[in-house]
Amino acid sequence: KHEEEFSDEQIVTILREVDTQGKSIEDTCKRHKVSVQNFYLWRRRFGSLQKNEVKRLKDMARENARLNYLF
């Protein structure tokens with residue numbers, strides 16, 4: 001799987017693996033075939049969000065776009 005093929009929820013799951021399971025960043029990246037550089041970009045983008053929070057943000061963005069279209 002290429003790095004751009006991961007959903008936001010999958011990215012957050014990978015990030016949380018390091019945070020909650022105490023796995024090293026390098027091992028986690030290797031297992032998921034992700035570069036360490038990309039891991040840090042993802043971490044900067046998603047911070048400490050959980051999967052359900054990412055879904056909620058996406059839903060809100062979709063609703064915003066719909067409302068902007070109406071007005």
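Is arginine 66 buried or partly exposed, and what is its relative accessibility? In this predicted model, arginine 66 counts as partly exposed, at 44% relative accessibility. Arginine 66 forms a salt bridge with glutamate 63, and both residues lie in helix α4, three residues apart, which is about one turn of the helix. Glutamate 63 also counts as partly exposed, at 34% relative accessibility.

The structure holds eight salt bridges, including those in the table.

| Salt bridge | Closest N to O distance |
|---|---|
| Aspartate 19 and arginine 16 | 2.7 Å |
| Glutamate 17 and arginine 31 | 2.3 Å |
| Arginine 66 and glutamate 63 | 2.8 Å |

Glutamate 17 lies in helix α1 and arginine 31 in helix α2, so this pair ties together parts that are 14 residues apart in sequence. Glutamate 17 counts as buried, at 9% relative accessibility, whereas arginine 31 counts as partly exposed, at 47%. Aspartate 19 and arginine 16, by contrast, are both in helix α1, separated by about one helical turn, and they are linked with Arg43 in a network of salt bridges.

In soluble globular proteins, nonpolar side chains tend to be buried together. Here the largest nonpolar core has 13 residues, and among those with the most contacts inside it are Phe39 and Trp42. Helices α1, α2 and α3 each supply at least two residues of this core, with α1 giving the most, five residues. Phenylalanine 39 touches several residues further away in sequence, including Ile14, Leu15 and Val34.

On the surface, Leu67, Tyr69, Leu70 and Phe71 make a nonpolar patch of about 560 Å²; leucine 70, in helix α4, is exposed, with a relative accessible area of 52%.

Methods:
Residues numbered from 1 in each chain as written. Predicted model: local features only at pLDDT ≥ 70, side-chain atom pairs only at ≥ 80, totals over all residues. Heavy atoms only, no water. Patch = residues over 30% accessible without salt bridge, like charges linked within 9 Å, V, L, I, M, F, W, Y side chains within 5 Å. Areas by Shrake-Rupley, 256 points an atom, 1.4 Å probe, with all protein chains shown as cover. Salt bridge = Lys/Arg side-chain N within 4 Å of Asp/Glu carboxyl O. Helix = DSSP H or I, 4+ residues; strand = E, 2+ residues; numbered from the N terminus. Buried < 20%, exposed > 50% of the residue type's maximum accessible area, 1.4 Å probe, protein only. Core = buried A, V, L, I, M, F, W, Y, C linked by side-chain atoms within 4.5 Å. Contact = heavy atoms within 4.5 Å. Lists of a residue's contacts leave out its neighbours within four places in sequence.
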